[in-house]
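Trainee: I've just opened this one and don't know my way around yet. Could we walk through it together?

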Amino acid sequence: MASTGETQPAKHQEVGHKSLLQSDALYQYILETSVYPREPEPMKELREVTAKHPWNLMTTSADEGQFLNLLLKLINAKNTMEIGVYTGYSLLSTALALPDDGKILALDINRENYEIGLPIIEKAGVAHKIDFREGPALPLLDQMVDDASFHGSFDFIFVDADKDNYLNYHKRLIDLVKIGGVIGYDNTLWNGSLVAPPDAPLRKYVRYYRDFVLELNKALAADPRVEICQLPVGDGITLCRRVC
């Protein structure tokens, strides 16, 4: 097709792109100006490896990885948990932010995906901070809730897993995070579908999980045990600071 002479908007190059910005060019500007130049080399390597995986849309975006890394440093996190690991991009971001004796309890149903990123995590010198457990998270969380020694023991918890269980996770995690600690729920703006009309043409998985995300957002907004802030970073992340 011949050129019309009109300038076309630049498309983002971020694999797993979930930005809610209306301008792809603006998002690309953020990545190229503030994110990629400061991205640690191990994270860059893992991002590029993950880009070749058929499920790369599941990965945490580079700007959100940068955000998590800085947040963990700001709150001086040391003992953390991550539910939903995939290849480990957000996990590596967390591990790089924690002190050398920091710990991450990492839960995922698929060790094979985690092992894609593990050599890079090991090369970065932070694998000793990670305790990876394969399997559903809820049974382990129930065991921890039943053990008072785990109550209030986590500084930060990041959840990027099965959206239909987010509320089930919250009911348990609120006891495990310390007062003043933070829980981060990923994908809480869910592809922007939360405000789409009922007859909007949505992908099947987006439509299926939308009601669960809507229910979560409503519950978090009404939960007096936490202060919340919902941010349009990545696909939306809601931070919950436990206050009681």
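**Two helices and a sheet**

Mentor: Sure, and keep in mind that this is a predicted model. Let's start where Y27, L31, S34 and V35 of α1 touch A62, D63 and Q66 of α3.

Trainee: How many of the residues in the contact of α1 with α3 are charged?

Mentor: Sort the contact of α1 with α3 by residue type: four are nonpolar and two are polar. That leaves the charged group, with a count of one.

Trainee: Are α1 and α3 oblique or parallel to each other?

Mentor: Helix α1 covers residues 24-35 and helix α3 residues 62-74, and their axes lie 10 Å apart. The angle between them is about 45°, and their crossing is left-handed. Roughly parallel would need an angle under 35 degrees, so α1 and α3 come out as oblique.

Trainee: On to the sheet. Which strands stand at the edges?

Mentor: The sheet is open, with seven strands in mixed pairing, ordered β3-β2-β1-β4-β5-β7-β6. An edge strand here has a single partner, so one of its sides has no neighbour in the sheet. The strands in that position are β3 (130-134) and β6 (226-231).

Trainee: In β7, what is the bridge partner of V226?

Mentor: Strand β7 spans residues 237-242, and β6 pairs with it in the antiparallel sense over six bridges. In β7, V226 is bridged to R242.

Trainee: Which helix packs on the sheet, touching β5, β6 and β7?

Mentor: Look for a helix at residues 204-222. Its direction makes about 135° with that of β6. That helix is α8.

Notes: Residues are numbered from 1 along each chain as its sequence is written. This is a predicted model: local features need pLDDT of at least 70, side-chain atom pairs count only at pLDDT 80 or more; totals for chains, interfaces and linings use all residues. Side-chain values use heavy atoms; hydrogens and water are left out. Axes are lines fitted to C-alpha atoms, for helices over the stretch in contact, and angles run from 0 to 180 degrees between N-to-C directions. Helices (H or I, at least four residues) and strands (E, at least two) are DSSP runs, numbered from the N terminus. Angles under 35 degrees count as roughly parallel, over 145 as roughly antiparallel, 65 to 115 as roughly perpendicular and the rest as oblique. A crossing is left-handed if the near helix is turned anticlockwise from the far one by less than a right angle, and right-handed if clockwise. Contact means heavy atoms within 4.5 Å. Ala, Val, Leu, Ile, Met, Phe, Trp, Tyr, Cys and Pro count as nonpolar, Asp, Glu, Lys and Arg as charged, and the others, Gly among them, as polar. Two strands pair if DSSP finds at least two bridges between them.
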